[in-house]
Amino acid sequence: MSLPSPKLLIPIVLIGAGVAAVRFWPESPLDVTVSQASVGLVEASVANTRSGTVKACQRSRLSLPLGGQVSVLYVAQGDKVEAGAPLMELWNEDIRATLATAEAQLDTAKLSHEATCTQAQSDKREERRIHDLHKRQMASSEQLDRAETAATISELSCKQQETLITQASASLDLQKARFAQTQLRAPFAGIIAEVNAEIGEYATPSPPGVATPPAIDLINPDCFYVQAPIDEVDAAQVALDMPVRVTLDAFGDRTFDGHVSRISPYIQDEEKQARTVDVDVRLNELPEGTHLLIGYSADIEVITATSENTLRLPTELLIDTDHVMLTRDGKAVKQQVELGLTNWTWSEVTSGLNSDDQIINEPGQSDLEGGRTVRVLDTDAND
């Protein structure tokens, strides 16, 4: 058996020495920073899937039920109006004339009723007088019969006139209703957001099922709410009066308090969109000087449960959902924990962790694993 050439032995020896050096060379510690669990508040919450919208509690897009030429515009965009204030009126001279006729007819019916009933009272007195005379044989039966007939006819005429008054009054009410259809009035106090009419233009009512711009858009500026969609998976957790935090893009990081005021009784299943439930949030008292505008985009966070004065850790320190990486005796240790309430910021720890345990702040490092030697850096010194 021949031995390897001395020239071949040299590389083999060098490779073996290198492997041995790597195997026994001490592992350099991995620098880490740590933090500890704290005691505080943890909330469970659900949030909207798409941007919500600020809406007015009262908003009416008003139009007239009749078509006609705009005769008077009482308001302009931005005006404040009281409930019942006139906003717009169509040309209605013909209806005014008909209304005046109906009023005159009612007055005539009332006068006729008064005259007829006065005559009926007179005929009734005459009937009694003839009846007394007939008893004393001073009036004939024929005279008594004529007196009774006249009294009966007069009484019926009086009742007929009462019916005519009712008829004339109903006719007047009809003309008043027709006249009211030519006038647009504010159903509540508010601000005129938009006016889509000009004097002299012909206003056309919206046909059924066809959306047309309203003649006047009226908004109550004193009450707002936010409507936002919640995914159907989270909808079962939401209940009326639950507290809500609202954020508006227009106000940056500021949050506004509110509460759930309505949950839609059905699922929105529009094509190509996730199935959602509309949730309405009524805003609590706004800070002084805060002015909301209808249509602002908004996000909501419904607080479904809370746990106060509980041991918690930042959710970002979790790995594999229910583990954290600790440092013990200079080594990294993967520790399982049991969690309670959790959100994007904090997670409640019910077991598996003590308040004095040192939790590695960056558990997702590629070279960090259980048993790895670590060196805890002084974060204050690095700052």
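In the predicted model, helix α3 covers residues 141-180, and its 40 residues should span 58 Å at 1.5 Å a residue; the C-alpha atoms at its ends are 59 Å apart, which agrees with that expectation. The buried residues of α3 are Leu144, Ala147, Ala151, Ser154, Cys158, Gln161, Ile165, Ala168, Leu172, Gln175 and Phe179. An α-helix has 3.6 residues a turn, so residues three or four places apart point the same way. The cover over the buried residues of α3 includes β8 (86-90), α2 (93-135) and β9 (183-185).

Gln161 is one of the residues of helix α3. With a relative accessible area of 12%, Gln161 counts as buried, because the limit for that class is under 20%. When neighbours within four places in sequence are left aside, Gln161 is in contact with Ala109, Ser112, His113 and Thr116.

Two disulfides were found in the chain. In one of them, Cys117 and Cys158 are joined, with their sulfur atoms 1.7 Å apart. The angle about the S-S bond of Cys117 and Cys158 is 85°, and the link is right-handed. Cys117 lies in helix α2 and Cys158 in helix α3, so the pair ties together parts that are 41 residues apart in sequence. Cys117 and Cys158 are both buried.

A disulfide is also formed by Cys57 and Cys223, with a distance of 2.0 Å between their sulfur atoms. The link of Cys57 and Cys223 is left-handed, with -60° about the S-S bond. This pair links distant parts of the chain, 166 residues apart: Cys57 is in the loop between β4 (52-56) and β5, and Cys223 is in the loop between β12 (216-219) and β13 (224-231). Cys57 has a relative accessibility of 28% and therefore counts as partly exposed. With the bonded cysteines of the chain numbered in sequence order, the pairing is 1-4, 2-3.

The chain as a whole contains five helices and 23 strands. Of its 383 residues, 34% are buried. Among contacts in the chain with a separation of 6 or more, 76% are between residues 24 or more positions apart. The exposed area of the chain is about 23700 Å², of which carbon and sulfur atoms supply 51%.

Strands of a sheet pair through backbone hydrogen bonds, either parallel or antiparallel. One open sheet has four strands in the order β5-β12-β10-β7, with antiparallel pairing. Strands β5 (59-62) and β7 (80-81) stand at its edges, each with a single partner strand, so one side of each has no neighbour in the sheet. Strand β7 is joined by two bridges to β10 (residues 190-195), and the two run antiparallel. Ile191 in β10 is the bridge partner of Lys80.

An open sheet is also formed by four strands in the order β9-β8-β6-β11, again with antiparallel pairing. Its edge strands, β9 and β11 (202-203), each pair on one side only. Within this sheet, strand β6 (residues 68-73) runs antiparallel to β8, and three bridges join them. Val70 has Leu90, in β8, as its bridge partner. Strand β8 is also part of what covers the buried residues of α3, as is the edge strand β9.

In soluble globular proteins, nonpolar side chains tend to be buried together. The largest nonpolar core of the model holds 21 residues, of which Val226, Val246, Leu248, Ile300 and Val302 touch the most other members. Two or more residues of this core come from each of β13, β14 (243-248), β15 (255-263), β16 (276-283) and β17 (297-314). Strand β13 gives the largest share, four residues. Not counting residues up to four places away in sequence, Leu248 touches Val54, Arg254, Phe256, Leu292, Ser297 and Ala298. A second core of 16 residues is separate, and its members include Val75, Leu87, Leu90 and Leu218. Among these members, Leu90 is also the residue that bridges to Val70.

Key. Residues are numbered from 1 along each chain as its sequence is written. This is a predicted model: local features need pLDDT of at least 70, side-chain atom pairs count only at pLDDT 80 or more; totals for chains, interfaces and linings use all residues. Side-chain values use heavy atoms; hydrogens and water are left out. Buried means under 20% relative accessible area, exposed over 50%, partly exposed in between (1.4 Å probe, protein chains only). Contact means heavy atoms within 4.5 Å. Accessible areas come from the Shrake-Rupley method with a 1.4 Å probe; for residues, only the protein chains shown count as cover. Two strands pair if DSSP finds at least two bridges between them. The expected span of a helix is 1.5 Å times one less than its number of residues. A disulfide is a pair of cysteine sulfur atoms within 2.5 Å. A nonpolar core is a set of buried Ala, Val, Leu, Ile, Met, Phe, Trp, Tyr and Cys residues joined through side-chain atoms within 4.5 Å.
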